[in-house]
Amino acid sequence: MAAADLRPVAPPPPAPMSQPDPVARARALQPLLAAEGPAIDRAMQLTPPVLEALHDAGLHRLLLPPELGGDALPLDAYAQVVEAVAVGDASTAWCVNQSNVSVLSSATYLAPEVAQRFFAHSRAALAWGARHGKAKAVPVPGGYRVTGAWEFGSGSRHSVLIGAHVPVVLEDGTPRPGPDGRPEDVTVIFPKEQARILGGWAALGLRGTGSDAYEVTDLFVPDAHACFRDRLAERRITTPVTLFTSHLCYAAGFSATALGVARALLDEYIALARGKQARAGAQPMAENHSVQSEIAQLEAKLRAHRMYLFGTLKEAWAEAEGSGALSMPTRMAVRLATTTAMREATDISVACYRAGGTTSVLEANPFERRLRDAMAVSQHLQGTPWHLETVGRHLLGVPQREAFV
């Protein structure tokens, strides 16, 4: 039986960042990210220059509290950082969001000394795949014996730690109920070398996330390295951001990623229109009334949904910070804003791609890669229209068991 022994993985945390504004730090990386984007796409992982720049800028530590070397950003400011990264490269933004939220949502429920050992260093990065029922964690003395395989381990190629969300199953195969009576899942964390990386990441977009599949067999994970996320009463970190469930934190970052990709594509459309005359057009694009109108409408739509998302997050943050709680209506408001922003940003990205004509289909131009990224972002769980039904039921007073809020 393999054992997930925790060993030192990096030096102690550095001094606090000298640049006080994380959004400015992220925006300063945009030229590098845009230049490295094609290489990231080809390599199907973040390139060494990008990884170094992310670590130097502290962009894996945005939500953690200061005692773990983090910025403890408000959620609206955090989303702006992710958006700024996505303007440069979507895969990088995806990995930044995935690691930040994964680290926060596990550190919040681990013993402080374990969180320190796992995450209190500048290169702490955590990856894990999507939860499913093809795995099991069997309780044994001192921990769990874990077997399973997971897909979509975004960032696993550069992460030091791997995690998994696993149904807890007794020796006789019976699911173990949690405090709410439903079968419970445990989140386990272990060094990456304890997993067998299966690879196989081949996708339409977000190729640079390197979201490989991985598996473990009969891996012993000690109790100290396991936690039950999103049980708010059991939080070890009680900053306002930990009042938001992991789903809402992921949604904030992934919707910001969608907005960042749309911003980049709209900027490309504007730049193209300033200098191109379509073969079928009677005048340059910049002088075409239809193009002028479309660009103005797309700009207004993008700005509107950007302000809707960040404004909703800011209002929710004020409630969490002021009252020490987050009401269900506010949770639903965040869910509606994040899902809507993802969907509307996707429509903007598609419109910009279509406007580029044949220029858009060439790999030498950024339209093609960015559209693929936009399409991949749109397919994530956080953007599904089912969330709109959840919010609609809440607004109509239809009884339901709230999920993903």
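## Helix α7 against helix α4

In this predicted model, α4 and α7 are oblique to each other, because their angle of about 40 degrees falls outside the ranges that count as roughly parallel, roughly antiparallel or roughly perpendicular. The axes of helix α4, which covers residues 75–88, and α7 lie 7 Å apart, and the crossing of this pair is right-handed.

On the α4 side, the residues that take part are L75, Y78, A79, V82, E83, A86 and V87. They meet C249, A252, G253, A256, T257, L259, G260, V261, R263 and A264 of α7. Sorted by class, the contact of α4 with α7 comprises 12 nonpolar, three polar and two charged residues.

## Helix α7 against helix α8

The axes of α7 and helix α8, the latter spanning residues 289–323, come within 11 Å of each other and cross at roughly 160 degrees. Since angles over 145 degrees count as roughly antiparallel, α7 and α8 are therefore roughly antiparallel to each other. The crossing in which α7 passes α8 is left-handed.

From α7, the contact draws on A252, S255, A256, L259, A262, R263, L266, Y269, I270 and A273, while α8 supplies V291, E294, I295, L298, E299, L302, H305, R306, L309 and L313. The class count for the contact of α7 with α8 is 14 nonpolar, two polar and four charged residues. Among the α7 residues named here, A252, A256, L259 and R263 are also listed in the contact with α4.

## Helix α7 against helix α10

With α10, the axis of α7 comes within 10 Å and the two cross at roughly 155 degrees, an arrangement that makes α7 roughly antiparallel to α10. The crossing of α7 and α10 is left-handed.

The α7 residues in this contact are F254, T257, A258, V261, A264, L265, E268, Y269 and L272, and they are joined by P366, F367, R370, L371, A374 and V377 of α10. By class, the contact of α7 with α10 holds 12 nonpolar, one polar and two charged residues. Y269 of α7 is listed in this contact as well as in the one with α8.

## The two cavities

The structure holds two cavities of 30 Å³ or more, and the largest cavity contains about 60 Å³ of space. Its lining is formed by L104, S105, T108, Y109, D230, V241, T242, F244, T245, S246 and C249. The elements that give two or more residues to this lining are α5, residues 90–107, and α7, residues 246–275. In terms of class, the lining of the largest cavity divides into five nonpolar, five polar and one charged residue. C249, one of the lining residues, is also part of the contact that α7 makes with α4.

The second largest cavity has a volume of about 30 Å³, and A258, V261, A345, T346, S349, A374 and V377 line it. Two or more residues of this lining come from each of α7, α9 (328–355) and α10 (366–378), with α9 giving the most, at three residues. The lining of the second largest cavity has five nonpolar and two polar residues, and no charged ones. Four of its lining residues, A258, V261, A374 and V377, also appear in the contact between α7 and α10.

## The largest pocket

The largest pocket encloses about 1600 Å³ of space and is lined by 46 residues, of which R229, D230, S246, H247 and F404 lie nearest its centre. The elements that give two or more residues to the lining of the largest pocket are α5, β6 (185–191), α7 and α9, and among these α7 gives the most, with four residues.

The lining of the largest pocket has 20 nonpolar, 15 polar and 11 charged residues. D230 and S246, which are among the residues nearest the centre of the pocket, also line the largest cavity.

Definitions and conventions:
Residues numbered from 1 in each chain as written. Predicted model: local features only at pLDDT ≥ 70, side-chain atom pairs only at ≥ 80, totals over all residues. Heavy atoms only, no water. 1 Å grid on protein atoms, 1.4 Å probe; cavity = no way out; pocket = protein on both sides within 12 Å on 5 of 7 lines; lining within 4 Å. Points joined across faces, edges and corners; volume = space filled by probe spheres on them. Nonpolar A, V, L, I, M, F, W, Y, C, P; charged D, E, K, R; others polar. Axes fitted to C-alpha atoms, helices over the stretch in contact; angles between N-to-C directions. Parallel < 35°, antiparallel > 145°, perpendicular 65-115°, else oblique. Left-handed = near helix turned anticlockwise from the far one by under 90°. Contact = heavy atoms within 4.5 Å.
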